[in-house]
Amino acid sequence: MSAPTHIPVLLQEVIEALAVQPGGRYIDCTLGAGGHAAAILDRSSPGGQLLGIDADPEALRAAKARLEAYSSSTLLVNENFVDLEAISIKHDFLPVHGILFDLGLSSLQLNSQGRGFSFQHDAPLDMRFSPSQEVTAADIINTSSEAELAHLIKTYGEEGHSHQIAHRVVQERPINTTLQLVRTIEQAVGGRRGRLHPATKTFQALRIAVNHELEHLEAALKQAINLLGFEGRLVVISYHSLEDRIVKQLMQQESKDCICPPSTPICVCGHKASLRLINKRVITPSPAEIQLNPRSRSAKLRAAERIITRDEYYRTTEEHSFSVQLNAEGWRRPALLKKLRVAFSAV
Ligand SMILES: C[S@@+](CC[C@H](N)C(=O)[O-])C[C@H]1O[C@@H](n2cnc3c(N)ncnc32)[C@H](O)[C@@H]1O
């Protein structure tokens with residue numbers, strides 16, 4: 001077994017928020033090095049099962065090695081969680097007791113010399129989670145207009161100097177390596193002021209854009225709710241305010257019976273709550289965890305539980321399965337529904 005290279009963040013809090021139980025079925029949408037997955041499998045033994053997803057084939061290799069001892073209880077797939085619903089149906093892995101998203105990058109990716117995620121190592125400006133993605137950070141840097149770059153750096157990096165950086169980038173192009181970009185940013189805004197390196201926000205913005213992180217998160221969270229069985233748990237750890245805002249807004253909206261604007265005198269939306277918030281206030285790492293693992297310092301954990309009756313669950317799953325049947329290969333609706341009923345009665 002290879003040595004762990006990524007310390008799982010808020011590990012105990014994740015296990016508690018997921019309410020991991022023996023025999024439970026869980027999906028880890030961001031498998032990474034398999035740290036959370038190993039703890040989930042430990043706690044759900046005997047009989048627990050885990051579907052692990054990661055877009056990065058290198059992460060999947062590391063997780064496979066780490067989870068070797070649990071190979072009979074795990075299914076690890078190299079996919080993007082934007083297809084969560086189809087992945088679960090394809091592998092007949094639903095309903096589930098809990099779904100975890102631990103967003104962003106693993107230390108494996110950040111420390112990898114050739115991936116371009118870090119502004120501390122010189123590398124090609126790549127930043128793709130998966131080599132099957134077409135657009136790299138260099139493509140965005142070298143082909144976007146100055147206005148597009150400024151907008152991207154401002155929106156995804158919340159960078160106050162987006163216009164100066166975009167202007168300088170356009171003057172210096174082509175820019176193909178991380179250190180070339182770091183020098184360009186430093187020339188645009190000067191050296192370090194305060195705790196953050198001047199390139200931090202631009203690198204975050206590019207990574208988010210390359211991997212469509214915010215769009216994929218929003219789409220996957222909505223799909224995740226549908227896969228949860230009775231009182232199934234959704235747990236998300238985010239690392240910056242853009243991610244956290246999406247998680248918070250979705251959980252808050254889905255925990256309300258009416259989402260009409262406050263000015264509407266009578267409810268016209270017909271919305272029904274599908275979630276109950278587990279923690280009203282966000283959970284953050286203790287000072288001791290931050291000291292042990294500084295990477296955890298910006299982590300925010302939110303958790304919610306699915307509200308659904310069994311009848312409602314069967315009905316929506318049937319409707320939902322019908323629409324997915326059209327594009328999921330090799331899937332047989334009657335067989336799946338039979339399995340679903342058996343699995344659901346065990347949840
Ligand atoms: C913070 S790490 C997870 C670490 C993991 N919890 C552990 O304990 O080792 C995030 C992982 O999510 C993966 N990831 C990010 N976005 C993804 C997406 N849209 N689909 C699939 N995997 C994704 C990244 O490749 C990375 O390996």
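**Exercise 1.** How many residues surround the ligand, and which are the closest?

*Solution.* The model is predicted. Start with the shell: 25 residues surround the ligand. The closest are His36, Asp54, Asn80, Asp102 and Gln109. Next, sort the shell by class, which gives 10 nonpolar, 10 polar and 5 charged residues.

**Exercise 2.** Identify the polar contacts that glycine 34, glycine 35 and histidine 36 make with the ligand, and state how much of the ligand is buried.

*Solution.* Apply the cut-off first: a polar contact requires a pair of N or O atoms within 3.5 Å. A polar backbone atom of glycine 34 lies 3.2 Å from a ligand oxygen. For glycine 35, a backbone N or O atom is likewise 3.2 Å from an oxygen atom of the ligand. Histidine 36 uses an N or O atom of its side chain, 2.8 Å from a ligand nitrogen. Finally, the ligand taken alone exposes 600 Å², of which the protein buries 98%. The ligand occupies the space of the second largest pocket.

**Exercise 3.** Examine the backbone of the loop between H4 and S4, at aspartate 92 and proline 95.

*Solution.* The general expectation is a negative phi for most residues other than glycine, and trans for most peptide bonds. Aspartate 92, although not a glycine, has a positive phi of about 55 degrees. Its relative accessibility is 25%, so aspartate 92 counts as partly exposed. In this loop, which runs between helix H4 (84-90) and strand S4 (96-102), lies proline 95. A cis peptide bond joins leucine 94 to proline 95, with omega about 0 degrees.

Terms used
Residues are numbered from 1 along each chain as its sequence is written. This is a predicted model: local features need pLDDT of at least 70, side-chain atom pairs count only at pLDDT 80 or more; totals for chains, interfaces and linings use all residues. Side-chain values use heavy atoms; hydrogens and water are left out. A residue is near a molecule or strand if one of its heavy atoms lies within 4 Å of it. A polar contact is a pair of N or O atoms within 3.5 Å; within protein, one must be able to donate a hydrogen and the other to accept it, and residues adjacent in sequence count only if both atoms are side-chain atoms. Accessible areas come from the Shrake-Rupley method with a 1.4 Å probe; for residues, only the protein chains shown count as cover. On a 1 Å grid over the protein atoms alone, a cavity is a set of points where a 1.4 Å probe fits but cannot get out, and a pocket is an open set with protein on both sides within 12 Å along at least five of seven lines; lining residues have an atom within 4 Å of a point. A molecule sits in a cavity or pocket if more than half of its atoms lie within 2 Å of its grid points. Ala, Val, Leu, Ile, Met, Phe, Trp, Tyr, Cys and Pro count as nonpolar, Asp, Glu, Lys and Arg as charged, and the others, Gly among them, as polar. Helices (H or I, at least four residues) and strands (E, at least two) are DSSP runs, numbered from the N terminus. Buried means under 20% relative accessible area, exposed over 50%, partly exposed in between (1.4 Å probe, protein chains only).
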